[in-house]
Amino acid sequence: MKQSEIWLINLDPTIGAEIKKTRPAIIVNDNSLGKLPLKIIVPLTDWKERYEIAPWMVYIKPDSINNLTKVSGADCFQIRSIAEERFIRKIGKISSGNLEDIKEALSKVLAIETY
C-alpha cells in the first residue's frame, strides 16, 4: 500500500456527514512515515458539475492506469486516517499530475502554504 494507489475500502460505519460505504480511495500519506498499520486516504465519489467550484474537489478521469469505471472526484475535505483492515483490494494508481492536484487541494483544506 503506497502513496497514489487507489484501493477499494470499506468506510462504514460512519457518523453524520462522513462519506459512507465501500468506495475507491487514494492513499496520500508519505510511504516513509508512520509505524502504525494506518493509511491516510482521500475518498473518491462520482463527479458532479457543481464540484468545479469547490477547491477541495479534484477531477479524475478514468484511464487504463487508475482503472476507474467513471469520472470521479477526490474529496479532499474528507481526508482521514484509516486502519489497513478497511482496505479490500487495489484498483489502480493515479497520475503524478492528479497527485499534485490533490496535494494542492489538501494544502487549501488544511490552510498550509505551498512554496
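How many bridges join S1 to S7, and in which sense do the two strands run? In this predicted model, five bridges join S1 to S7, and the strands run antiparallel.

Begin by selecting S1, residues 5–10, together with S7, residues 87–93. Within this pairing, Ile9 stands opposite Phe87 of S7. Next, add strand S2, residues 22–27, which pairs with S1 in the antiparallel sense over five bridges. Here the residue to display is Ala25, the bridge partner of Trp7 in S2. With these neighbours shown, consider the surroundings of S1: five of its six residues are buried, so the strand is largely enclosed by the rest of the structure.

Now turn to the aromatic rings, of which the model holds four pairs. Select Trp7 and Phe87, whose rings meet edge-to-face, 5.7 Å centre to centre and with 75 degrees between the planes. Because Trp7 lies in S1 and Phe87 in S7, this pair ties together parts that are 80 residues apart in sequence. Both members can be checked for exposure: Trp7 is buried, at a relative accessible area of 13%, and Phe87 is likewise counted as buried, at 9% relative accessibility.

Then move to Trp47 and Tyr51, another edge-to-face pair, with 5.6 Å between centres and 80 degrees between planes. Trp47 and Tyr51 are both buried. Finally, add Tyr59 to the selection: ring pairs link Trp47, Tyr51 and Tyr59 into a cluster.

How values were computed
Residues numbered from 1 in each chain as written. Predicted model: local features only at pLDDT ≥ 70, side-chain atom pairs only at ≥ 80, totals over all residues. Heavy atoms only, no water. Phe/Tyr/Trp six-rings, centres within 6.5 Å; stacked < 30°, edge-to-face > 60°. Helix = DSSP H or I, 4+ residues; strand = E, 2+ residues; numbered from the N terminus. Buried < 20%, exposed > 50% of the residue type's maximum accessible area, 1.4 Å probe, protein only. Pairing = 2+ DSSP bridges.
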